[in-house]
Amino acid sequence: MMTNHGNRVTQGQFSFLPDLTDEQITAQIKYALNNGWAVNVEYTDDPHPRNTYWEMFGMPMFDLKDPAGILMEVNNCRKTFPNHYIRVTAFNSSRGVESPTMSFIVNRPKNEPGFGLTRQEVDGRSIRYTVHSYATDKAEGERY
Amino acid sequence: MSNTTNSEASAAEDARVDLEAEFKASNIQEVLDKLDNELIGLKPVKTRIREVAALLLVDRLRKKFELSSETPTLHMCFTGNPGTGKTTVAMRMGEILKRLGYVREGHLVTVTRDDLVGQYIGHTAPKTKEVIKKAMGGVLFIDEAYYLYKPENERDYGQESIEILLQVMENNRDDLVVILAGYKDKMDRFFQSNPGMRSRIAHHIDFPDYSAEELLQIAKLMLAQQNYRFSAEGEKAFAEYLKLRMKLSHFSNARSVRNALDRARLRQANRLFADTKKKLSKSDLITLEADDVLASRVFSEGRTDAEDTED
């Protein structure tokens, strides 16, 4: 039985759940702010699982105390890029960690074409496998 | 005396809710007492805050009957002369509203026109939005708000900033409280040319000038906070000083008092310094004597230090 029937990209937290509502997103951002993490909004239209560096939508919001302001930014990003993947990340800057601790997708394109398995035959009968996203067949900006 | 529980109260139409118990549970008295002790005078302000606190209390009781109501508009406008406590009260307002449960975080962001208006086309909107984002969940205090709108200069971008603010003040009433401040006549002119702004402000509070007794009380409070006090004669001398100083020009209420106290401390230090042989007790170090006050130019020459460089 497949847990992921459709072609929903399952990067980050909560990706196997249905899309988060605005209240749920606010609650998650509040959790990040309570822990003193810097929240940032990022977007991309390249859905490969190894694509970890997405474009940043503005600077990380270091000095904000309230999720309402960050939700404003998220909605702004949704209006600017309605058909891109948008995620919210939280960066933990305490010593020894210094890396993102939260990352969840808040917006997806309407049609996600999914991935295909590419087999490459190398010397002998050895095969190398890669995952190839059908979306990247088109040029950047024309994918969704 | 027992309280009715939520479920019981919401069921019966004639059930009673206990106002006094709710009042005790909500810590509102602590907030009001703190306000009374730390701010002298300011009767209209305290009255208005008391009214807002009463509204909150009644709101809580209504929730027990499951009667919901809209968050009231809390945007305010403080008008008054310099030194009457507008910025101080705005700083307290964030904390008070948080304790009363009307704002989520209660932090204060203070801005003037510079922080909201950009220098070139397209600069204003991001600047204003950044400030608003920072202030969400708390209080946005705009000092000298009338500078935002300059009708004489068509190329001024203040209007754009005002429009963004108006939109946020209306749509994000739960998230943000905006407090404008400035002199009364200039604010009146500002509101006349911006009726949209005036209709969004629910509370227009005027800060009256302090009386001489209130200023003396403020002076004593300021000294106590810095571990100083007046001697009996010193207090009399300061009361005299206040009466004379209030008649002179450029009197800024509490700010002038603070400046005068700083000068008195200076004279006290010099007086103690002049007699180096004497061993000083703690009482000597904290007491301001009459001489420290009477040495002011206000007594000897009938004018303030600031007018020194004229003529």
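Biologist: Among contacts in chain B between residues at least 6 apart in sequence, what percentage join residues at least 24 apart?
Modeller: This is a predicted model, and the contacts in question are those of chain B between residues at least 6 apart in sequence. Of these, the share that joins residues at least 24 apart comes to 76%.

Biologist: Is chain B a compact globule, or is it more spread out?
Modeller: Chain B contains 16 helices and 7 strands, and its C-alpha atoms fill a box of roughly 80 × 65 × 30 Å along the principal axes. For 311 residues the globule rule gives 19 Å, whereas the radius of gyration of chain B is 24 Å, well over that value, so chain B is, beside a compact globule, more spread out.

Biologist: Which helix gives the largest share of the largest nonpolar core?
Modeller: The largest nonpolar core has 69 residues, and those with the most contacts inside it include B:Phe78, B:Val139 and B:Leu140. Beyond its neighbours within four places in sequence, B:Leu140 is in contact with several residues, among them B:Val109, B:Ile132 and B:Val178. The largest share of this core is 6 residues, and they come from residues 86-100 of chain B, which is helix H5.

Biologist: How many residues does the second, separate core have?
Modeller: This second core is separate from the one just described, and its members include B:Leu215, B:Ala254, B:Ala260 and B:Ala264. Its residues number 18.

Biologist: In chain A, which strands are the edge strands of the open sheet of 4 strands?
Modeller: The sheet is antiparallel, with its strands in the order S2-S1-S3-S4. Within it, S1 (residues 38-44) and S3 (residues 85-92) of chain A pair over 7 bridges, and A:Val39 has A:Ala90 in S3(A) as its bridge partner. An edge strand here pairs on one side only, and this holds for S2 (55-56) and S4 (99-107) of chain A.

Biologist: Does strand S6 of chain A lie largely in the open, or is it buried?
Modeller: Strand S6 (residues 127-133) of chain A pairs with S5(A) in the antiparallel sense over 7 bridges, and A:Arg128 in S6(A) stands opposite A:Gln120. Between S5(A) and S6(A), which form a hairpin, there are 5 residues, and A:Gly124 in the turn has a positive phi of about 75°. Of the 7 residues of S6, the number buried is 0, so this strand lies largely in the open.

Biologist: On the side of chain A that touches chain B, how many residues are charged?
Modeller: Contact between the two chains involves 8 residues of chain A and 10 residues of chain B. The residues on the side of chain A divide into 3 nonpolar, 1 polar and, as charged residues, 4.

Key: Residues numbered from 1 in each chain as written. Chains lettered and ligands numbered in written order. Predicted model: local features only at pLDDT ≥ 70, side-chain atom pairs only at ≥ 80, totals over all residues. Pairing = 2+ DSSP bridges. Helix = DSSP H or I, 4+ residues; strand = E, 2+ residues; numbered from the N terminus. Contact = placed C-beta atoms within 7 Å. Nonpolar A, V, L, I, M, F, W, Y, C, P; charged D, E, K, R; others polar. Core = buried A, V, L, I, M, F, W, Y, C linked by C-beta atoms within 7 Å. Buried ≥ 20, exposed ≤ 12 C-beta atoms within 10 Å, placed from the backbone. Rg over C-alpha atoms; globule rule 2.2 N^0.38 Å.
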